[in-house]
Amino acid sequence: FEAAAAHYARALSEPAVDRIPILVEYGETLQLGGDTAAARVALLDAARAAAAADRANDLAQAALALGGGVAGFEVAAHDDEQTELLRQADRALPVAEAGLRAAVRARLSLALAGTVSDTERVRLAGDAVGIARRAGAREIESAALAAWCDAMAGPDHVRERVGAATRVIDLAADSSAMGGVRDAAPLLLAGCGVEVDLAVERECGAALARLGVELDQARVVGG
C-alpha cells in the first residue's frame, strides 16, 4: 500500500488533475496501509473540497470512505465531522443516486448513535434498506441491514434481528459473496444465544447452511 500511496501523492502534485477523487483514493489507500491519521486528513480535505464545489457524489464517497467505504460499517463514536459530512451528502445527493443515498443514510444511522433517539436511527436505517433493495444494490442493502440491527439492539428485538441477518445471508448466497458471512454471522449470533428458544437457533443454523457454513463455524467468525 505504501507504493500505491506514493503514486497518489505524486499525482496530487500535478497541477492539472482533478484532486478530489484522487484524494479519496489516496485516503482509502492510506487507511489500508494503517496510516489512519493521514487518511483522515486526506478524506476530510476531499469532502470539504467536494462540498465547496457542489459535487454531491464525491462528497458522499469521501464521507463514506471515512468509515470503510460504501458498504462499510465503521464509525468512530461521536465523530461530529463525519456526521455533518454525511448529513450534507444526504441533503445534496440527487434522487437518481439511490445506492449512494442508501449507503449515506445507513452510515448516518450508525454515526448518530448516542446523540439521537433509537427511533430516528431505525428510521434512517430502514429508509436505507428500502432504497438499496429497490435499487438492487445488494452489498449496500447488507450494510444497511447491519445498521438497522445495530439500531434495534436489545432483547426485545431478537427475532427482528435474526430476520434481517438471515436476509444478509441470503444476499450473500445469491451473489456468491462469501464475505457476507463475516458481516452476517455476528448479527445472527446476537439472536442465537442460549437465552433464545430452539426455533430461533434453528433459524440461524438454516440460514447459514444455505452458504454451507455450520453454526459453530459462524460463531468463530462472529467472535
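**Entry 1: E141 and its partners**

I began with R133 and E141, whose side chains meet in a salt bridge at 2.7 Å, N to O. I note here that the model is a predicted one. Turning to exposure, I found R133 partly exposed at 43% relative accessibility, whereas E141 is buried, at 2% relative accessibility.

I then looked up a further salt bridge of E141, and found that its side chain also meets that of R167, again with an N to O distance of 2.7 Å. This pair links distant parts of the chain, since E141 sits in helix α8 (residues 138-151) and R167 in helix α9 (residues 158-175), 26 residues apart. R167 counts as partly exposed, with 28% relative accessibility.

**Entry 2: the network around R105 and D127**

I next asked how many salt bridges the structure holds, and the count is 15. One of them joins the side chains of D127 and R105, with 3.7 Å from N to O. D127 belongs to helix α7 (residues 118-135) and R105 to helix α6, so the pair ties together parts that lie 22 residues apart in sequence. I recorded R105 as buried, with a relative accessible area of 18%, which falls under the 20% cut-off for that class; D127 is partly exposed, at 27%.

Following shared partners outward, I found that salt bridges join D90, R101, R105, E120, R123 and D127 into one network.

**Entry 3: R101**

From that network I picked out R101, which I located in helix α6 (residues 98-111). Is R101 buried or exposed? It is buried, with a relative accessible area of 12%. Setting aside the neighbours within four places in sequence, I listed the contacts of R101 as D90, L93, P94, V95 and I131; D90 is also a member of the salt-bridge network.

**Entry 4: helix α3**

Last, I turned to helix α3, which runs over residues 36-52 and has 17 residues. From its first C-alpha to its last, α3 reaches 24 Å, close to the 24 Å expected at 1.5 Å a residue. Which residues of α3 are buried? I noted A39, A42, L43, L44, A46, A47 and A50 as buried. I then looked for what covers these buried residues, and the cover includes α2 (19-32), α4 (56-65) and α5 (80-92). After α3 comes D54, for which I noted a positive phi, near 55°.

Methods: Residues are numbered from 1 along each chain as its sequence is written. This is a predicted model: local features need pLDDT of at least 70, side-chain atom pairs count only at pLDDT 80 or more; totals for chains, interfaces and linings use all residues. Side-chain values use heavy atoms; hydrogens and water are left out. Helices (H or I, at least four residues) and strands (E, at least two) are DSSP runs, numbered from the N terminus. The expected span of a helix is 1.5 Å times one less than its number of residues. Buried means under 20% relative accessible area, exposed over 50%, partly exposed in between (1.4 Å probe, protein chains only). Contact means heavy atoms within 4.5 Å. A salt bridge is a side-chain nitrogen of Lys or Arg within 4 Å of a carboxyl oxygen of Asp or Glu.
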